[in-house]
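Let's take a walk through this one together, strand by strand and ring by ring. Have the sequence and the model open side by side.

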Amino acid sequence: MKPNIVILTGAGISQESGIPTFRDSNGLWENHDIMEVASPEGWERNPELVLKFYNLRRKQLKDVQPNEAHKAITKLQEHFPVQVITQNVDDLHERAGNKNVLHLHGELYKVRSEKNPDLIYEWHDDLHIGDLAEDGAQLRPHIVWFGEPVPMITKAAELTANADIFIIVGTSMLVYPAAGLVGYLRSDVQVYYIDPNAKEINIPNPLTVIREKAGTGLPRLVDKLIEQA
Ligand code: OAD
């Protein structure tokens with residue numbers, strides 16, 4: 001039986017595509033305090049600013065392309081069952097052809113009713129005050145903001161528990177519950193962690209830390225796994 005490979009990705013995997021990470025920029029996200037644009041309180045205080053911010057992120061997404069790291073995952077899935085769990089809200093995994101992608105923190109190209117988290121719509125253009133869901137409520141970005149529940153975490157934990165190999169790419173492992181997913185791994189599962197600033201993670205598993213950028217570290221690891229298969 002082929003090992004089941006689960007890959008947890010964060011902002012670092014999209015960095016070489018030109019999307020800045022969160023914590024490499026002094027707590028600012030594209031010149032904004034993260035809490036201003038990624039919290040329910042920020043939304044309540046200034047919804048126009050929040051909409052403008054995500055409208056710009058949606059526009060930016062149209063100008064960037066998947067990089068070698070995203071493409072390496074497409075190659076890997078030709079040889080193994082592969083599941084991606086991403087904290088990213090961009091669609092670069094999908095555009096690279098990654099097939100099984102679970103978005104833990106939502107998606108830039110989706111919006112939802114402010115009142116009902118289950119009323120979700122595809123949305124590729126600007127979102128404005130006055131754009132309403134079917135329930136009459138204002139539409140907001142379909143992004144999990146700080147302090148909000150992470151509905152996909154149960155599914156992500158199940159997928160993690162079924163991993164035979166676990167690869168972590170480009171995440172500071174600071175944001176929970178995503179960072180806690182490693183706690184669901186069987187203790188014999190080999191973990192690889194690719195991040196130029198990777199810190200130690202406290203797990204009983206065999207751990208190989210690869211302090212490289214995703215665009216070089218991941219293709220190399222993928223080639224090694226395919227060779228060993
Ligand atoms: P962070 O910004 O916290 O961490 C990005 C990580 O990527 C850091 O550890 C960097 O060292 C690493 N990195 C930078 N360039 C890289 C490269 N070329 N290749 C590989 N790694 C690189 O981003 P996340 O861990 O994804 O939530 O942050 C988690 C969540 O916090 C995000 O999903 C976001 C944020 O608030 C929401 O938007 C809801």
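Which residue of E10 does isoleucine 165 stand opposite? The partner is glutamine 190. Before following that thread, keep in mind that this is a predicted model. The mean pLDDT of the chain is 96, with 98% of its residues at 70 or more. Among the elements, strand E1 (residues 5-9) has the highest mean pLDDT, at 99, while strand E2 (residues 28-29) has the lowest, at 70.

Back to the strands, then. Isoleucine 165 belongs to strand E9, and its bridge partner on the E1 side is isoleucine 5. E1 and E9 run parallel, joined by five bridges. Strand E9 (residues 165-169) also has five bridges to E10, again in the parallel sense. Within that pairing, valine 169 has isoleucine 194 of E10 as its bridge partner. Carry on across and you find E10 joined to strand E11 (residues 207-210) by four bridges, with the two strands parallel. Tyrosine 193 is placed opposite valine 209 of E11. Put together, you can step from E1 to E9, from E9 to E10, and from E10 to E11.

How buried are these strands? Five of the five residues of E9 are buried, so the strand is largely enclosed by the rest of the structure. In a regular strand, side chains alternate between the two faces of the sheet. For E9, both faces turn out to be covered: Ile165, Ile167 and Val169 are buried on one side, and Phe166 and Ile168 are buried on the other. Its neighbour E10 (residues 190-194) is mostly covered, with four of five residues buried.

Now for the aromatic side chains. The structure holds three aromatic pairs. Take phenylalanine 53 and tyrosine 54: their ring centres are 5.1 Å apart and their planes meet at 90°, which makes the pair edge-to-face, because anything over 60 degrees counts as such. Both phenylalanine 53 and tyrosine 54 are buried. Tyrosine 54 also pairs with tryptophan 145, with centres 6.3 Å apart and planes at 40°, so this pair is tilted. Tyrosine 54 sits in helix H4 (residues 47-61), whereas tryptophan 145 is in the loop between strand E8 (139-143) and helix H7 (153-161), so the contact ties together parts that are 91 residues apart in sequence.

Both partners are tucked away from the probe: tyrosine 54 has a relative accessible area of 0%, and tryptophan 145 has 2%. Zoom out a little and ring pairs link Trp43, Phe53, Tyr54 and Trp145 into a cluster. Two arginines join in as well. The charged end of arginine 57 sits over the ring of phenylalanine 53, 4.7 Å from its centre. Arginine 140 lies over the face of tryptophan 145, and there the distance to the ring centre is 3.8 Å.

Last stop: the ligand. Around it are 22 residues, of which Gln15, Arg23, Thr171, Ser172 and Asp195 come nearest. Some of the polar distances are worth a look. An N or O atom in the side chain of glutamine 15 lies 2.7 Å from a nitrogen atom of the ligand. Backbone atoms take part too: an N or O atom of the alanine 11 backbone is 2.8 Å from a ligand oxygen, and a polar backbone atom of phenylalanine 22 is 2.8 Å from an oxygen atom of the ligand.

Definitions and conventions. Residues are numbered from 1 along each chain as its sequence is written. This is a predicted model: local features need pLDDT of at least 70, side-chain atom pairs count only at pLDDT 80 or more; totals for chains, interfaces and linings use all residues. Side-chain values use heavy atoms; hydrogens and water are left out. pLDDT is the predictor's confidence in each residue, from 0 to 100. Buried means under 20% relative accessible area, exposed over 50%, partly exposed in between (1.4 Å probe, protein chains only). Two strands pair if DSSP finds at least two bridges between them. Rings of Phe, Tyr and Trp (its six-membered ring) pair if their centres lie within 6.5 Å; planes under 30 degrees apart count as stacked, over 60 as edge-to-face and the rest as tilted. A charge sits over a ring if NZ of Lys or CZ of Arg is within 6 Å of the ring centre and within 35 degrees of the ring normal. A residue is near a molecule or strand if one of its heavy atoms lies within 4 Å of it. A polar contact is a pair of N or O atoms within 3.5 Å; within protein, one must be able to donate a hydrogen and the other to accept it, and residues adjacent in sequence count only if both atoms are side-chain atoms.
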